[in-house]
Amino acid sequence: MADLTPVFQIQRVYLKEASLEQPNSPAILLEQEQPNMDIQLGVAAEPVAEGVFEVSVTCTVQTKIKDKTVFLVEAKQAGIFELRNLPQEQMGPILGIACPQIVYPYLRGNVADLIQRGGFPPVHLAEINFQAMYEQQQMQDAAAAPAVTQ
């Protein structure tokens, strides 16, 4: 008889991609004006094997003075999670909320470290409510779905 005990296990958390660009250095570093900052986040989940998923949180931090980039950081932190014997209706919230909540603190630390190593004060990303982000995405997906006609 097969074991149907629910399984939620972290296999590994890792930095999948990271880059720092300072295209206008050193001249931009002499500017006295405070830069504007834009931060974008994304979450993705992909099946890797039967019952195994890679969940990634991607972050782009771009700072500009006027129209010139001071620095641009792009990073993707990922985790491999084993999920077995879970009800199908729980899979979306686990992959879209629980897993990103586990991966995100690592991303925050790596982004702050990368920016600081680039010679800038570290940027500490704010805490994220992944449940609200997930629910908003679900509503957008539902609104974008074509209406079913009878």
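The following conversation walks through a predicted model, asking what each description of it rests on.

Visitor: What makes the four strands one open sheet, and in which order do they stand?

Guide: The 4 strands form an open sheet in the order 1-4-3-2, and the pairing is antiparallel. Strand 1 (7–21) and strand 2 stand at the edges, where each has a single partner strand, so one side of each is left without a neighbour in the sheet. From one strand to the next, the twist averages 15°.

Visitor: How do you know that strand 2 and strand 3 are paired?

Guide: Two strands pair if at least two bridges are found between them, and strand 2 is joined to strand 3 by 13 bridges, so the pair meets the condition. The two strands run antiparallel. Among the facing residues, Ala 44 stands opposite Ser 56 in strand 3, while the bridge partner of Ala 49 is Val 52, again in strand 3.

Visitor: What lies between strand 2 and strand 3 in the hairpin?

Guide: The hairpin of strand 2 and strand 3 has 2 residues between the strands, and Gly 51 in the turn has a positive phi of about 75°. A positive phi of about 55° is also found at Lys 66, although Lys 66 is not a glycine; this lysine lies in the loop between strand 3 and strand 4.

Visitor: What makes the bond between Ser 25 and Pro 26 worth a stop on this tour?

Guide: The peptide bond that joins Ser 25 and Pro 26 is cis, with omega of about 5°, and Pro 26 is found in the loop between strand 1 and strand 2.

Visitor: How do you know where helix 1 packs, and which strands does helix 1 touch?

Guide: Helix 1 packs on the sheet and touches strand 1, strand 2, strand 3 and strand 4, where touching rests on heavy atoms within 4.5 Å. The direction of helix 1 makes about 140° with that of strand 4.

Visitor: How do helix 1 and helix 2 cross, and what makes their contact?

Guide: The axes of helix 1 and helix 2 come within 9 Å and cross at roughly 145°, and the crossing is right-handed. Helix 1 brings Gly 92, Pro 93, Gly 96, Ile 97, Pro 100, Gln 101 and Tyr 104 to the contact, and helix 2 brings Phe 130, Gln 131 and Tyr 134. By class, this contact of helix 1 with helix 2 has 6 nonpolar, 4 polar and no charged residues.

Visitor: Which residues line the largest pocket, and how much space lies in it?

Guide: About 270 Å³ of space lies in the largest pocket, and the pocket is lined by 14 residues, of which Val 43, Ala 44, Gly 96, Tyr 134 and Gln 137 lie nearest its centre. Strand 2 (36–49), helix 1 (88–117) and helix 2 (130–144) each give two or more residues to this lining, and the largest share, 7 residues, comes from helix 2.

Visitor: Why is a glycine counted as polar in such a lining?

Guide: The classes place Gly among the polar residues, so Gly 96, which lies in the lining of the largest pocket, counts as polar. The whole lining of the largest pocket divides into 8 nonpolar, 6 polar and no charged residues.

Visitor: What is the volume of the second largest pocket, and which residues line it?

Guide: The second largest pocket has a volume of about 210 Å³, and of the 13 residues that line it, Pro 35, Val 70, Phe 71, Phe 120 and Pro 121 are the closest to its centre. Strand 3 (52–65) and strand 4 (68–84) each give two or more residues to this lining, which divides into 10 nonpolar, 1 polar and 2 charged residues.

Terms used: Residues numbered from 1 in each chain as written. Predicted model: local features only at pLDDT ≥ 70, side-chain atom pairs only at ≥ 80, totals over all residues. Heavy atoms only, no water. 1 Å grid on protein atoms, 1.4 Å probe; cavity = no way out; pocket = protein on both sides within 12 Å on 5 of 7 lines; lining within 4 Å. Points joined across faces, edges and corners; volume = space filled by probe spheres on them. Axes fitted to C-alpha atoms, helices over the stretch in contact; angles between N-to-C directions. Left-handed = near helix turned anticlockwise from the far one by under 90°.
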